[in-house]
Amino acid sequence: MKNVNRSCIAGFSLAWLVATGAWAADAAGDAQQILKTAGVKGGFVVHLGCGNGKLTAALHANDSYLVQGLDADAKNVEAARQHLQSLGLYGKISIGQWSAP
């Protein structure tokens, strides 16, 4: 039971860190720091407010991570999708439009 609780807490922490946009300048370095801080080695990552998709792409550190980028702005969604396509990652990482209730 303790492992399940730790996993839930780590997952929540990762979601909070990504959603708050606490990091944004260096996508690769920021993603490494976010994943290190969360203490997770894989799992489902939801990046709220994914913007251009650079941090979203970097959060896919390896195939142990399933990453979903969401943004309310249709232009950001398109830019993020184009960025992922340019890296050959679209499909491994998904981007969608999201609006808060």
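Which polar atom lies 2.7 Å from the backbone nitrogen of serine 64? In this predicted model, the atom belongs to the side chain of asparagine 62, and the pair is of the kind treated here as a polar contact (N or O atoms within 3.5 Å, where within protein one must be able to donate a hydrogen and the other to accept it, and where residues adjacent in sequence count only if both atoms are side-chain atoms). Because the model is predicted, local features need pLDDT of at least 70 and side-chain atom pairs count only at pLDDT 80 or more, whereas totals for chains, interfaces and linings use all residues. Residues are numbered from 1 along each chain as its sequence is written, and side-chain values use heavy atoms, with hydrogens and water left out.

The protein chain contains 4 helices and 3 strands, these being DSSP runs numbered from the N terminus (helices H or I, at least four residues; strands E, at least two). Read from the N terminus, the elements follow the pattern α-α-β-α-β-α-β. Of the 101 residues in the protein chain, 35% are buried, where buried means under 20% relative accessible area, exposed means over 50%, and partly exposed lies in between (1.4 Å probe, protein chains only). The accessible surface, obtained by the Shrake-Rupley method with a 1.4 Å probe, comes to about 6100 Å², and carbon and sulfur atoms hold 56% of this area. Among contacts (heavy atoms within 4.5 Å) with a separation of 6 or more, 55% join residues 24 or more positions apart.

The strands form an open sheet in the order β1-β2-β3 with parallel pairing, two strands being paired if DSSP finds at least two bridges between them. Strands β1 (43–48) and β3 (93–97) stand at the edges with a single partner strand each, so one side of each is left without a neighbour in the sheet. The twist averages 20 degrees from one strand to the next. Between β1 and β2 (residues 65–71), the parallel pairing extends over 6 bridges, and glycine 43 has tyrosine 65 of β2 as its bridge partner. Helix α4 (residues 74–87) lies across β2 and β3 and runs at about 165 degrees to β3, with axes fitted to C-alpha atoms, for helices over the stretch in contact, and angles taken from 0 to 180 degrees between N-to-C directions.

Within strand β2, the side chain of glutamine 68 makes a polar contact of 2.7 Å with that of serine 94. Leaving aside residues up to four places away in sequence, glutamine 68 touches residues including Phe44, Val46, His47 and Ile95. On the same basis, valine 67 touches Val45, Thr56, Leu59, His60, Lys92, Ile93 and Ser94. The largest nonpolar core (buried Ala, Val, Leu, Ile, Met, Phe, Trp, Tyr and Cys residues joined through side-chain atoms within 4.5 Å) has 18 residues, of which Leu59, Tyr65, Val67, Leu84, Ile93 and Ile95 touch the most other members. Two or more residues are given to this core by each of α2 (27–38), α3, β2, α4 and β3, and α2 gives the most, with 4 residues.

Two loop positions complete the description. Glycine 49, in the loop between β1 and α3 (54–58), is partly exposed at a relative accessible area of 45% and touches Leu70 and Asp71, not counting residues up to four places away in sequence. Asparagine 62, in the loop between α3 and β2, is partly exposed at 36%, and its C-alpha atom is separated by 8.0 Å from that of glycine 42, 20 residues apart along the chain.
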